[in-house]
Amino acid sequence: MSDNRIPVAVLGATGNVGQRFIQLLQDHPWFRVAELVASERSAGKKFSDATVWRLGAEMPEAVRDMTVLDYSADLQSVVAFSGLPSEVAGEIETRLAANGIAVVSNTATHRMEPDVPLIIPEVNADHLAAIKTQQANRGWKGFITTNSNCSVMHLVLTLKPLQDAFGLKKVLVTTMQAVSGAGYPGVPSLDMIDNVVPYIGSEEEKMETEAMKMLGGFVDGAFNTADFVLSAHCNRVPVRDGHTECVSIELGSDATPADVIATFESFRALPQELGLPSAPARPVVVRYEDNRPQPQLDRDTERGMASVVGRVRPCPVLGLKYVLLGHNTIRGAAGAGILNAELLKAKGLLPA
Ligand code: NAP
């Protein structure tokens, strides 16, 4: 049977994020996994021999016998989804983009560059205009788009409707981040069991800078940063998947918790209008119980593609506070990349 779906590559295919890409892309209506890339350790092996599959259910049949490619391989795919470590991503992603591939990256390396879009389709789809600037600046046939860090992704999904409705002045966020966010094997178990680690390298800086880029504008070929202040405390906690965040906000105009809940509930944007295959029907889902959201119970809401909010209430310091939860390797990583690629296709921006 012929398969007319667009061929895609997964870079870092054996890793946490790479495996999520493969899982989420099985049976995708538009994309077909055609190439798998990992380090020299895995290259040349069958994917099933190179990989310890760590997600629920079986490794998808379609990838089991594929040979893992070396990072220097010339790829034939139209899109390369990147789950590479940031130390190696720069050179590999740049070479592929120069060669005409649409690189859709999870990695921090290129996110803050002045001609690279950092996209959440519900938030700043207009930033895709930076692709033209990037190709003109660099003489590339392809391009690089990025998605954000996993904790800021969910924070910004909830800030966007509030910014549009009320404006934002100050945001204070404290995260409790899952262990899977550190890759595999990640944090040693003896550091993690019975413990909280109050430091995640560069995470607070990423939250503070990436939010400003995504919630700012792209005007006359340049990004403007948003004009509110954000302070982040980031902690690693012994949870497998799902980042929890406690958020306090000073809005630009008065709003009651009921106003804010109504704003979250009614939030819909371009991915929902376009009916993109991975788009959640509700990007922000509100829970009304006193003790929700919780990682075990709520991380798979909308197939892991929504941010789940609860405990919306007054804050005596900044005015309003709430708790949010989001899946870090689905909406926070691979699912975000796939939704970005769906938006690129829907807008006719993928290379011919
Ligand atoms: P990981 O589990 O450690 O996986 C890393 C992957 O990269 C493996 O497939 C590894 O292949 C491959 N790799 C390493 N060096 C390579 C090289 N020189 N050339 C080609 N491939 C190479 O890490 P992860 O958690 O999936 O994270 C991947 C990226 O996504 C990171 O940049 C991370 O910051 C970002 N991210 C992660 C999350 C999350 O929640 N985990 C969320 C958002 C963003 P081998 O198996 O062959 O070594």
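Here is a short chat about how the ligand sits in this predicted model.

Trainee: Where does the ligand sit in the protein?

Mentor: Start with the pockets. Here, the largest pocket holds the ligand.

Trainee: And where is that relative to the domains?

Mentor: Check which domains give residues to the shell. Domain 1 (6-148 + 334-346) and domain 2 (150-328) both do, so the ligand lies between them.

Trainee: Which helices supply at least two residues each to the shell?

Mentor: That would be α1 (16-25), α4 (86-98) and α13 (330-346). Of the elements, α4 gives the most, with three residues.

Trainee: Which residues come nearest to the ligand?

Mentor: A residue gets into the shell if one of its heavy atoms lies within 4 Å of the ligand. There are 28 of them, and Thr14, Val17, Ser39, Arg41 and Ser42 come nearest.

Trainee: How do the shell residues divide into nonpolar, polar and charged?

Mentor: You get 16 polar, 11 nonpolar and one charged.

Trainee: What about polar contacts, say which atom of Thr14 pairs with a ligand oxygen?

Mentor: Look for N or O pairs within 3.5 Å. With Thr14, an N or O atom in the side chain is 2.5 Å from a ligand oxygen. Val17 uses a polar backbone atom instead, 2.7 Å from an oxygen of the ligand. For Gly12, a polar backbone atom lies 3.1 Å from a ligand oxygen.

Trainee: How much of the ligand's area does the protein bury?

Mentor: Compare with the ligand taken alone, which exposes 900 Å². The protein buries 83% of that.

Methods. Residues are numbered from 1 along each chain as its sequence is written. This is a predicted model: local features need pLDDT of at least 70, side-chain atom pairs count only at pLDDT 80 or more; totals for chains, interfaces and linings use all residues. Side-chain values use heavy atoms; hydrogens and water are left out. A polar contact is a pair of N or O atoms within 3.5 Å; within protein, one must be able to donate a hydrogen and the other to accept it, and residues adjacent in sequence count only if both atoms are side-chain atoms. Accessible areas come from the Shrake-Rupley method with a 1.4 Å probe; for residues, only the protein chains shown count as cover. On a 1 Å grid over the protein atoms alone, a cavity is a set of points where a 1.4 Å probe fits but cannot get out, and a pocket is an open set with protein on both sides within 12 Å along at least five of seven lines; lining residues have an atom within 4 Å of a point. A molecule sits in a cavity or pocket if more than half of its atoms lie within 2 Å of its grid points. Helices (H or I, at least four residues) and strands (E, at least two) are DSSP runs, numbered from the N terminus. Ala, Val, Leu, Ile, Met, Phe, Trp, Tyr, Cys and Pro count as nonpolar, Asp, Glu, Lys and Arg as charged, and the others, Gly among them, as polar. Domain bounds come from an automatic or database domain assignment.
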